[in-house]
Number of protein chains: 2
Amino acid sequence: MATKNNGQIDPKRRIFEAAAALFVNKGYSAIGVREIAKEAGVNIAMINYYFGGKSGILKDILEDAFGKYYHAQASAGDNSTPPEERVRNLVANVVQFFRENTTEALIFFNSAVLDIPELKGLKEKWSKMYSDLMLELFLQMGVELKDPVHASIYNGFLGGMIKNHFQYRYELEKNKKTAEACVEGDKKELKHIEFDDLFYQRYVDLLVHQYFHGVIYATQKDKMKYGPK
Amino acid sequence: MATKNNGQIDPKRRIFEAAAALFVNKGYSAIGVREIAKEAGVNIAMINYYFGGKSGILKDILEDAFGKYYHAQASAGDNSTPPEERVRNLVANVVQFFRENTTEALIFFNSAVLDIPELKGLKEKWSKMYSDLMLELFLQMGVELKDPVHASIYNGFLGGMIKNHFQYRYELEKNKKTAEACVEGDKKELKHIEFDDLFYQRYVDLLVHQYFHGVIYATQKDKMKYGPK
DNA sequence: TTTAATTAATCAAACGTTTGTATTATATCA
DNA sequence: TGATATAATACAAACGTTTGATTAATTAAA
């Protein structure tokens, strides 16, 4: 499925993408099914037909996003990979994931902090999978993630930082788009940033240093001052 | 105002606090005025009477939160303060701000990523104030925040990390509360974390090292590899 | 000091609109 | 002809807001 039909991609895909674009901008609860249907160019009834309801779209978006996000982190290496190389793979993979799935990723991170009853079960499963992965990874760096202070800082640390950038970038490009829709005279203030491969090469480099070096340095200092374990 | 009256705090304050508690849990758009009024123990009409509408409550919450957040950062020192000391003050102040205003702070950070038309003007003002402050602060550390790569990483970096922890803590304590409401036999799995002064002393220490040391190290490495400016 | 006028606070009820979903009917294609 | 896909419409529930009446508190005039 999801292929062309009558010169258009299939309706299910159109609903998915229209909903994602709206959710990421205003949030799940602020968007109505009529708005989604209009944007996707389908009848309202199609949403319940394909997704079983409004929340079905969100579920699909989030399951897709988490699957990719988890894979990006799990495939960064294993215990036989040197820690610094593993961290570099990790950062590079997560950045890649965000570049390829910006909308879904932002929805995922922004929905994670909300209490949405229909998602309770899924969220618990994701949380478990994620913390198992992190525990194992940090152990290799010599960081005891079961220490509440370390856990409080490093749980979601990397993803949070990268998410921050892509949210910032999303906002930037949204404003640029609305500004371009105005009269041309107002364009002069718009500094154009090229978010290309070169940009992300430097970005990943900087982040790896900030992350890996910072973790090693900070946790060692902590051990020296407050004693081991 | 906001004092005791008939043994209860005044209705405006009750609405404010009830709304904040609901907003932080499910998000602004998912909460209705009836739910707020019920939780606050007032009549629905009181919301429009005191706040001019549902969005008026959110505005008040956010303006209050930003004011305190900005002050926490602006009062960390000036150009005559040694950088490392200034960073320590900054981290300590922001952590203090979050400890004293957890609910408002989380609402502020979570609402910042949403397009809420009524808030457009306010958000632009806040963004300007914040970036002026950061530009000046990073300059003292030798970091050129106008470089898009540096800006992409360090804009909202510190606040994002700390927000992450308090969101994590909020989630933890929410789940604990609901678990305690269950039968006693299920309590055994609940590891109790004391988020006291000692905890945050270590937390601030670790964050300062992660932050300050990481920034200096990463930006220097970046300059060496990709050249200055 | 009592009475009258004014303001502030609260309430139940209803406003018109929009919400997500369900039903039913009609095309489209095998 | 039977299954799949699309559409128009209906529906109860919930939405944010407004209304007009009522009470309590305050101020002004007598």
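A polar side-chain atom of A:R34 sits 2.7 Å from a base oxygen of DNA strand C. That distance comes from a predicted model. It is a good place to enter the structure, and the rest of the surroundings of strand C follow from there.

A:R34 is among the closest residues to DNA strand C, along with A:V33, A:K54, B:Y49 and B:Y50. In total, 15 residues surround this strand. Of the strand C atoms that come within 4 Å of the protein, sugar and phosphate make up 47%.

Two further polar contacts can be placed on strand C. A:K54 uses its backbone: an N or O atom there lies 2.8 Å from a phosphate oxygen of DNA strand C. B:N43 uses its side chain, where an N or O atom is 3.2 Å from a base nitrogen of DNA strand C. So much for single atoms; now the helices.

Which helices supply at least two residues each of the surface near DNA strand C? They are α2 (33–40) of chain A and α3 of chain B. The largest share, 4 residues, comes from α3(B). Sorted by class, the surface near strand C holds 8 nonpolar, 4 polar and 3 charged residues.

Now turn to DNA strand D. Here 16 residues surround the strand. The closest are A:Y49, A:Y50, B:V33, B:R34 and B:K54. Sugar and phosphate account for 43% of the strand D atoms that come within 4 Å of the protein.

Where does the side chain of A:Y49 meet DNA strand D? One of its polar atoms lies 2.9 Å from a phosphate oxygen of the strand. Chain B brings backbone atoms to strand D as well. A polar backbone atom of B:K54 is 2.9 Å from a phosphate oxygen of DNA strand D. For B:I31, a backbone N or O atom lies 3.3 Å from a phosphate oxygen of DNA strand D.

The helices near strand D come from both chains. α3 (45–51) of chain A, α2 (33–40) of chain B and α3 (45–51) of chain B each give at least two residues to the surface near DNA strand D. The largest share is that of α3(A), with 4 residues. By class, this surface divides into 9 nonpolar, 4 polar and 3 charged residues.

Leave the DNA and look at chain B for a pocket. The second largest pocket holds about 240 Å³ of space. Its lining includes B:A21, B:V24, B:T102 and B:T103. B:F166, B:R169, B:Y170, B:E173, B:K174 and B:K177 also line this pocket.

Which helix gives the largest share of that lining? It is α9(B), with 6 residues. In chain B, α1 (11–26), α6 (102–111) and α9 (157–180) each supply at least two lining residues. The lining of the second largest pocket divides into 4 nonpolar, 2 polar and 4 charged residues.

Last comes the layout of chain A. Chain A is divided into domain 1 (1–52) and domain 2 (60–226). Over C-alpha atoms, 27 Å separate the centres of domain 1 and domain 2 of chain A. The two domains also touch: 9 residues of domain 1 of chain A are in contact with 10 residues of domain 2 of chain A.

Terms used. Residues are numbered from 1 along each chain as its sequence is written. Chains are lettered from A and ligands numbered from 1 in the order in which they are written. This is a predicted model: local features need pLDDT of at least 70, side-chain atom pairs count only at pLDDT 80 or more; totals for chains, interfaces and linings use all residues. Side-chain values use heavy atoms; hydrogens and water are left out. A residue is near a molecule or strand if one of its heavy atoms lies within 4 Å of it. A polar contact is a pair of N or O atoms within 3.5 Å; within protein, one must be able to donate a hydrogen and the other to accept it, and residues adjacent in sequence count only if both atoms are side-chain atoms. Ala, Val, Leu, Ile, Met, Phe, Trp, Tyr, Cys and Pro count as nonpolar, Asp, Glu, Lys and Arg as charged, and the others, Gly among them, as polar. On a 1 Å grid over the protein atoms alone, a cavity is a set of points where a 1.4 Å probe fits but cannot get out, and a pocket is an open set with protein on both sides within 12 Å along at least five of seven lines; lining residues have an atom within 4 Å of a point. Grid points are joined across faces, edges and corners, and a volume is the space filled by probe spheres set on the points. Domain bounds come from an automatic or database domain assignment. Contact means heavy atoms within 4.5 Å.
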